[in-house]
Amino acid sequence: MTDRTAPRGIFISFEGGEGTGKSTQAKLLRERLAGAGVSALVTREPGGSSGAERIRALLLDPDHPRFGARAEALLFYAARADHLETLIGPALETGRWVICDRFSDSTRAYQGALGRLESAVVENLEALVVGENGPDLTILLDLPAEIGLARAAARRGDAGVDGFEREAPAFHEALRRAYLDLAAADPGRIAVVDASGDPDAVANAVWAVVTARLASRLAVSA
Ligand code: T5A
């Protein structure tokens with residue numbers, strides 16, 4: 001049954017380049033939160049809701065070349081609108097925490113900084129679709145691009161490579177720099193975590209950030 005008296009949940013996003021361990025860490029954080037008595041929903045972008053998953057299939061179709069940056073930004077924000085309206089928003093309203101594997105910083109980094117889309121375009125879409133409903137905390141998993149790409153390739157095996165993974169190594173190094181610039185511009189929301197250790201070591205570092213930044217809410221929810 002829905003608890004309408006619970007305080008609004010906390011929204012946490014994970015960001016970073018390919019294979020930095022976002023999905024792995026999102027699940028490990030859900031387990032840590034459960035141990036602290038906090039129920040969290042893990043979701044992802046692009047996708048998460050059924051409408052957004054259909055848009056994901058278009059964006060990541062291995063048989064289709066990448067759309068231009070403007071078209072991609074519109075599609076990512078269309079997916080984000082559905083995701084926020086049908087999944088993330090309702091979960092937060094009932095007091096559940098939400099952990100999202102990628103969110104708006106991915107559009108800022110990939111389509112904005114790397115796609116050279118004017119930042120005003122991304123920020124106008126952000127204001128229209130997300131407004132004040134963005135993440136309370138963003139954890140940027142930072143890793144040299146070649147390590148992340150090697151991890152992603154090992155996991156993928158023979159499965160199809162999408163257009164993003166096909167980009168040159170220089171693209172992925174520039175992406176890392178773009179993310180670090182975003183973190184430097186918004187240190188109150190974005191925390192950088194070294195993702196080069198083993199999954200448990202990274203999870204410990206993530207948990208240290210979450211407990212330090214959200215101590216009051218953890219004490220209330222636990
Ligand atoms: N995109 C997305 C945009 O351009 N704009 C946007 O607005 C949005 C939302 C999404 C693509 O769309 C782009 C960005 C992306 O290119 P995706 O398939 O969802 O595509 O790709 P990623 O989000 O990059 O997901 P990956 O699965 O590639 O990376 P993760 O989630 O960072 O990594 P994870 O956890 O799956 O781990 C990868 C492998 O490494 C191992 C895991 O076991 C796994 O095998 N691993 C580790 N190995 C060693 N040490 C560790 N610490 C490890 N952690 C995980």
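These are my notebook entries on the ligand site and one helix residue of a predicted model.

**Ground rules.** I number residues from 1 along each chain as its sequence is written, and side-chain values use heavy atoms, with hydrogens and water left out. Because the model is predicted, local features need pLDDT of at least 70 and side-chain atom pairs count only at pLDDT 80 or more, while totals for chains, interfaces and linings use all residues.

**Entry 1: who surrounds the ligand?** I looked up the shell, where a residue is near if one of its heavy atoms lies within 4 Å of the molecule. There are 25 residues around the ligand, and K22, S23, T24, T107 and R155 come nearest.

**Entry 2: polar contacts.** I took these as pairs of N or O atoms within 3.5 Å. The side chain of S23 places an N or O atom 2.6 Å from a ligand oxygen. For R102, I noted 2.7 Å between a side-chain N or O atom and an oxygen of the ligand. R80 has a polar side-chain atom 3.1 Å from a ligand oxygen. Alone, the ligand exposes 1,000 Å², and the protein buries 85% of that (Shrake-Rupley method, 1.4 Å probe).

**Entry 3: helices in the shell.** Which element gives the most to the shell around the ligand? I found that α4 does, with four residues. Helices here are DSSP runs (H or I, at least four residues), numbered from the N terminus.

**Entry 4: V129.** I then visited V129 in helix α5, residues 119-129. V129 is partly exposed because its relative accessible area is 21%, between the cut-offs of under 20% for buried and over 50% for exposed (1.4 Å probe, protein chains only). From V129 to R176, 47 residues apart along the chain, the C-alpha atoms are separated by 25 Å.

Terms used. Polar contact = N/O pair within 3.5 Å; in protein donor to acceptor, adjacent residues only side chain to side chain. Helix = DSSP H or I, 4+ residues; strand = E, 2+ residues; numbered from the N terminus.
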